[in-house]
Amino acid sequence: MKTEINGATAYISGVKDFDLTQTLECGQCFHFIKESENTYLISALSSCIRAAMDGSTLIIEELSNAPGAMISECGPAFCSASVIDADKWIDYFDLKRDYGQIKKKLLSMDKKLQDAIEAMNGTRILNQEFFETLISFIISQNQQIPRIKNIVAAISGLCGKCAGGDKMYIFPDARSILLSGEEGIRSCKAGFRAPYIIDACRKVSDGSIDEKSLRECGYEKALESLKTIKGVGDKVANCVLLFSLGYRSAFPVDVWIKRIMEQLYFNGEDTPIPKIRSLAAERFGEYGGYAQQYLFYYGKENRIGK
């Protein structure tokens, strides 16, 4: 893999085991707009980028308005930032990790993953910002992906900062959401999730939920800590652990994962989620999160068990 920088644009060539569309649209993130077949606007890590694939080259252009511009100051068009921090985005897309070896390891554990890995071989797990991931997956409960994206965008537009142009906004911090209040969040169509979001913001603001501590305390303690937030259960907590805190053994179980696991391992019979999670831990161990992503997207795209 080689990186070339031209001002605000990075050209990362020789990228393997990576598909931009599969990675963004596999249900792990929600703050992006598809501009064309291979091009996306993405708001992440307090920035906005335009990302595109050209063969095995990932092209990332970092976009910006005036630093710190508020919503009312947003202009109609994007402008490029001065010089892009390519390493920041290489880490975000997890491009330094050898997914070829990960897939080989998973297949050595279980050949039943063959179809899912072959079909979704370009999926990578993003290294997302903790707070946005927490709020996004609280929003995700009983929601379809387009609606989750709309609510995330609405909250960002209500109390975030301009990320570039008039389309994308930086996801706000906990204090900014608290200033908008529960009614403000309800106006973004968050529904019954609004008080959960407010509770999460309060706990992050007062330090009772702390990212550094969550990263250091181990999987079980981090899981239980996240579940002290109103409305956060096993599924949401595991998503946060997997997609933003580096716990790659986490195995979130939603309706799609439940269906495909039942089809593959339980003769299509209705199976309790704890039993599914226990089997995943036994079979995949520290690679559980990777297996989950291949299975989730494959199961959803093929409507397994539907």
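**Helix packing, a pocket and a hairpin in a predicted model**

Student: In this predicted model, at what angle do helix H3 (residues 99–109) and H14 pack?

Tutor: The axes of H3 and H14 lie 10 Å apart. The angle at which the two helices pack is about 85°.

Student: How are H3 and H14 oriented to each other, roughly parallel or roughly perpendicular?

Tutor: Angles of 65 to 115 degrees count as roughly perpendicular. H3 and H14 pack at about 85°, and they are therefore roughly perpendicular.

Student: Which residues of H14 make the contact with H3, and how many residues of the contact are charged?

Tutor: H3 contributes Tyr-99, Ile-102, Lys-103 and Leu-106, while the residues from H14 are Tyr-290, Ala-291 and Tyr-294. By class, the contact comprises six nonpolar residues and no polar ones; the number of charged residues is one.

Student: Which helices each supply at least two residues of the lining of the largest pocket?

Tutor: The largest pocket has a volume of about 510 Å³ and is lined by 24 residues. Those nearest its centre are Ser-140, Gln-143, Lys-235, Asp-254 and Val-255. The lining divides into twelve nonpolar, nine polar and three charged residues. The helices in question are H6 (145–159), H11 (234–244), H12 (255–265) and H14 (288–301).

Student: In which sense do strand E1 (residues 2–6) and strand E2 (residues 9–13) pair, and which residue in the turn has a positive phi?

Tutor: E1 and E2 pair over five bridges in the antiparallel sense, and Glu-4 stands opposite Tyr-11 in E2. The two strands form a hairpin with two residues between them. The turn residue with a positive phi, of about 65°, is Gly-7.

Key. Residues are numbered from 1 along each chain as its sequence is written. This is a predicted model: local features need pLDDT of at least 70, side-chain atom pairs count only at pLDDT 80 or more; totals for chains, interfaces and linings use all residues. Side-chain values use heavy atoms; hydrogens and water are left out. On a 1 Å grid over the protein atoms alone, a cavity is a set of points where a 1.4 Å probe fits but cannot get out, and a pocket is an open set with protein on both sides within 12 Å along at least five of seven lines; lining residues have an atom within 4 Å of a point. Grid points are joined across faces, edges and corners, and a volume is the space filled by probe spheres set on the points. Helices (H or I, at least four residues) and strands (E, at least two) are DSSP runs, numbered from the N terminus. Ala, Val, Leu, Ile, Met, Phe, Trp, Tyr, Cys and Pro count as nonpolar, Asp, Glu, Lys and Arg as charged, and the others, Gly among them, as polar. Axes are lines fitted to C-alpha atoms, for helices over the stretch in contact, and angles run from 0 to 180 degrees between N-to-C directions. Angles under 35 degrees count as roughly parallel, over 145 as roughly antiparallel, 65 to 115 as roughly perpendicular and the rest as oblique. Contact means heavy atoms within 4.5 Å. Two strands pair if DSSP finds at least two bridges between them.
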